[in-house]
Amino acid sequence: MTDNQKAITAASAAVLSWSTVAAAFKTALSYYTHYEMLTVAAITATVIFAIAITLQRKWSQVRHMHIKDLGALALLGLLSPTFYYLVLFSAYEQLPAQVAQPVNYCWPIFLVILLAVVMHKPVKPRLYIGMAVSFAGVSVISLGSGGIGGSLSISGIAMALFSAILWAVYWIANERLKGGFDESVKLFGSFLFGSIYLLAGLLWIPAAFDSTSGTLASIYVGAFEMGIPFLFFSIALKNATNVATVNQMCYIAPFLSLFFISVIVGETILTTSYVGLSLIIFGVIFNQYLAYPGSKKLNAVDKA
């Protein structure tokens, strides 16, 4: 198998994994609260990253971290998995999966805005086209979802949008973290701190991990949303002869996700969900590759 074949295979595994997790979120949330689900999932991901750096023989990077590095990882762990997934899973508690998943996918739009603010550069006028198209997609999904079973939760939409902002903030913070250690080591550190925060929160937040089905579904979320696909996608990026092709494969994930939502969760996928998601993806692609070519360097689809 050539390096590029390895990259396509690894990227395909990551995309397939991310495609199933929206359905897994709703399944787990039928047994556990979003806090209970996240606690189990974060611990699962931490164990997976620990196994990965053991197989990669990178514990020396952990041992040689400075206090400054640990502080940065502690901050990352507060952003994700803690705040980001608490907000995202709260959105999934309040919304149909076919609504929460596409709205969260607006995060690259917020990333462009935040990068302009952080770098003190004005937003190029052409970027407003992509933003408008993506937010039109959010509106289409929101208006059409009334046919799913009642009025749509405004707080749920707000949570989904806020989760997209949080992921954009996490992306910037992660990119700015210096230290010269591997991505899997960085992920292990941030998820370890996140797990500690979540376990500490159990001193004040009531939780009962008494459902086998809920625990298994939450473990699945930790493995196939937070852990394994990031490792596969990292392999794909390292082996790809054309990184853009690997990145673009991630745009398949949200459409495949609608299929799994329909089959596993049992939601009837509305035409407006397909139309709205298409508009969101088009707006993201327009800003990433047409209006703002420099953003290709952002790998803005590292999170599907």
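In this predicted model, the side chains of Lys-58 and Asp-182 come together in a salt bridge, with N and O 2.8 Å apart. The pair joins distant parts of the chain, with the two positions 124 residues apart in the numbering. Lys-58 sits in the loop between helix H2 (34-55) and helix H3 (59-63), while Asp-182 sits in the loop between helix H8 (154-176) and helix H9 (183-201). Both Lys-58 and Asp-182 are buried; for Asp-182, the relative accessible area is 17%, and the label follows because buried means under 20%.

Asp-182 has a second partner too: a salt bridge to Lys-238, where the closest N and O atoms are 3.5 Å apart. Lys-238 belongs to helix H10 (residues 212-239) and Asp-182 to the loop between H8 and H9, so this pair ties together parts of the chain 56 residues apart in sequence. What about Lys-238 itself, buried or exposed? Lys-238 counts as exposed, at 60% relative accessibility. Put together, Lys-58, Asp-182 and Lys-238 form a linked network of salt bridges.

A search of the whole structure turns up three salt bridges, and one of them pairs the side chains of Glu-183 and Lys-186, at 3.8 Å from N to O. This one is a local affair: Glu-183 and Lys-186 are three residues apart in helix H9, so about one helical turn separates them. As general background, an α-helix has 3.6 residues a turn, so residues three or four places apart point the same way. Glu-183 is partly exposed, with a relative accessible area of 32%, whereas Lys-186 counts as buried at 10%.

Helix H9 as a whole has 19 residues and reaches 27 Å from its first C-alpha to its last, close to the 27 Å expected at 1.5 Å a residue. Its buried residues include Val-185, Leu-187, Phe-188, Phe-191 and Leu-198, along with the glycines Gly-189, Gly-194 and Gly-201. Which helices cover the buried residues of H9? The cover includes H2, H3, H4, H8 and H10.

H2, one of those covering helices, tells a similar story about length. The 22 residues of H2 should span 32 Å at 1.5 Å a residue, and the end C-alpha atoms lie 31 Å apart, which agrees. Of these 22 residues, 16 are buried, so H2 is largely enclosed by the rest of the structure. After H2 comes Arg-57, with a positive phi near 55°.

Elsewhere, helix H1 (residues 3-29) packs on helix H4 (residues 67-94) at an angle of about 75°, and the two axes are 10 Å apart. That angle makes H1 roughly perpendicular to H4. On the H1 side, the contact is made by Ala-22, Phe-25, Lys-26 and Leu-29; on the H4 side, by Leu-88, Phe-89, Tyr-92 and Glu-93. Sorted by type, the residues of this contact are six nonpolar, no polar and two charged.

Leu-88 of H4, which takes part in the packing with H1, also touches Ser-163. Ser-163 is found in helix H8 and is buried, with a relative accessible area of 0%. Leaving aside neighbours within four places in sequence, Ser-163 is in contact with Tyr-84, Val-87, Leu-88 and Asn-104.

Terms used. Residues are numbered from 1 along each chain as its sequence is written. This is a predicted model: local features need pLDDT of at least 70, side-chain atom pairs count only at pLDDT 80 or more; totals for chains, interfaces and linings use all residues. Side-chain values use heavy atoms; hydrogens and water are left out. A salt bridge is a side-chain nitrogen of Lys or Arg within 4 Å of a carboxyl oxygen of Asp or Glu. Helices (H or I, at least four residues) and strands (E, at least two) are DSSP runs, numbered from the N terminus. Buried means under 20% relative accessible area, exposed over 50%, partly exposed in between (1.4 Å probe, protein chains only). Axes are lines fitted to C-alpha atoms, for helices over the stretch in contact, and angles run from 0 to 180 degrees between N-to-C directions. Angles under 35 degrees count as roughly parallel, over 145 as roughly antiparallel, 65 to 115 as roughly perpendicular and the rest as oblique. Contact means heavy atoms within 4.5 Å. Ala, Val, Leu, Ile, Met, Phe, Trp, Tyr, Cys and Pro count as nonpolar, Asp, Glu, Lys and Arg as charged, and the others, Gly among them, as polar. The expected span of a helix is 1.5 Å times one less than its number of residues.
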